[in-house]
Amino acid sequence: MGTGTLEKSEAAEVDYRVAVTFRIRRFNPEVSAEATWQDFELRIDPKERVLDALHQIKWEIDGTLTFRRSCAHGICGSDAMRINGKNRLACKTLIKDIAEIKNGVGSKAIVVEPIKGMTVQKDLVVDMEPFFQAYRDVMPFLITTGNEPTRERRQSPEDRARFDDTTKCILCAACTSSCPVFWSDGQYFGPAAIVNAHRFIFDSRDEGGEERLEILNDRDGVWRCRTVFNCTDACPRGIEVTKAIQEVKQALITRRF
Ligand code: SF4
Ligand code: FES
């Protein structure tokens, strides 16, 4: 055994973990009609993410903790939750960025709760069906008439750039569930559905724009937006959500898109 091996094993013993309290909103309709707060004291590396902390709780402390996640890398959109009062993806939120760590201890509890405006089913899991229904309602697919072309549908880089931002949506619902209009009336289509309508309305290959605009001209449609910008602030993909909504409103007035 050389010195190199000894150095390696010494390095492996360095403990980078800090003490952090996670305060999680718990709800189990089979146990109680009321939600409660529960604290979990963890020792965790602050370079880990909130999702890693939730895994640690579920796998080592309380297997009943319920939350959604799939990819763990900011792609599937399934783990949007309210963390310290702001909608974020748990898999993209580093503990060191929110724990206010001093002398190896998080000075404030990290508060985790479900996104707002949707019915909570259990703990951090909400009913996403109304959200996806609004998404389906705007027909988020290419609509064309005539025979199928025998070659690909060509598009200039400028035409593609027109809707590039709104192609990035991962349907996490962080925007819609941060919108005060949606909180007050869940019938509002919400920012995410409008973003996904925008993605096709401004696609030069699509022929369903007029139909989508009429859907969004509805009383629960785009005019309900009060330009609060919560949606843009919440979007983990950096999409200019409010701008997209404004462009759809403009298209409704001018009928040019
Ligand atoms: S626009 Fe952004 S916040 Fe809204 S659903 Fe899409 S990715 Fe999530
Ligand atoms: S788990 Fe897929 S986006 Fe976070």
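Here are four exercises, each with a worked solution, on the predicted model shown above.

**Exercise 1. The two domains**

Find how the chain is divided into domains, and describe the contact between domain 1 and domain 2.

*Solution.* Start with the bounds: domain 1 covers 16-126, while domain 2 is made of 129-144 + 152-254. Next, take the centres over C-alpha atoms; those of domain 1 and domain 2 are separated by 29 Å. Now turn to the contact, to which domain 1 gives 13 residues and domain 2 gives 13 residues. On the domain 1 side, strand β4 (residues 86-89) supplies the largest share, with three residues. Finally, sort that side of domain 1 by class: six residues are nonpolar, four polar and three charged.

**Exercise 2. The shell around ligand 1**

Work out which residues are closest to ligand 1, and which helix gives the largest share of its shell.

*Solution.* Begin by collecting the surroundings: ligand 1 has 16 residues around it. The closest of these are Cys169, Cys172, Cys175, Ala192 and Cys235. Then look at where the shell comes from: helix α6 (residues 191-201) contributes the largest share, three residues. Sorting the shell by class gives 14 nonpolar residues, one polar and one charged. Keep α6 in view for the next two exercises.

**Exercise 3. Helix α6 against helix α7**

Decide how α6 and α7 are oriented relative to each other: roughly parallel or roughly antiparallel?

*Solution.* A good first step is geometry, since two packed helices are described by the angle between their axes and the distance between the axes. For α6 and helix α7 (residues 209-216), the angle is about 160° and the axes lie 9 Å apart. Angles over 145 degrees count as roughly antiparallel, and α6 and α7 are therefore roughly antiparallel to each other. As for handedness, α6 crosses α7 in a left-handed sense. From α6, the contact uses Ile194, Ala197, Phe200 and Ile201; from α7, Gly209, Arg212, Leu213 and Leu216. By class, this contact has six nonpolar residues, one polar and one charged.

**Exercise 4. Helix α3 against helix α6**

Now do the same for α3 and α6: roughly parallel or roughly antiparallel?

*Solution.* Helix α3 (residues 129-137) packs on α6 at about 25°, and their axes are 8 Å apart. Because angles under 35 degrees count as roughly parallel, α3 is roughly parallel to α6. The crossing of α3 past α6 is right-handed. To finish, list the partners: Phe131, Ala134, Tyr135 and Asp137 of α3 meet Ala192, Ala193 and Asn196 of α6. These residues divide into five nonpolar, one polar and one charged. You have already seen Ala192 among the residues closest to ligand 1.

Terms used:
Residues are numbered from 1 along each chain as its sequence is written. Chains are lettered from A and ligands numbered from 1 in the order in which they are written. This is a predicted model: local features need pLDDT of at least 70, side-chain atom pairs count only at pLDDT 80 or more; totals for chains, interfaces and linings use all residues. Domain bounds come from an automatic or database domain assignment. Two residues are in contact if their C-beta atoms, placed from the backbone, lie within 7 Å. Helices (H or I, at least four residues) and strands (E, at least two) are DSSP runs, numbered from the N terminus. Ala, Val, Leu, Ile, Met, Phe, Trp, Tyr, Cys and Pro count as nonpolar, Asp, Glu, Lys and Arg as charged, and the others, Gly among them, as polar. A residue is near a molecule or strand if its C-beta atom, placed from the backbone, lies within 6 Å of it. Axes are lines fitted to C-alpha atoms, for helices over the stretch in contact, and angles run from 0 to 180 degrees between N-to-C directions. Angles under 35 degrees count as roughly parallel, over 145 as roughly antiparallel, 65 to 115 as roughly perpendicular and the rest as oblique. A crossing is left-handed if the near helix is turned anticlockwise from the far one by less than a right angle, and right-handed if clockwise.
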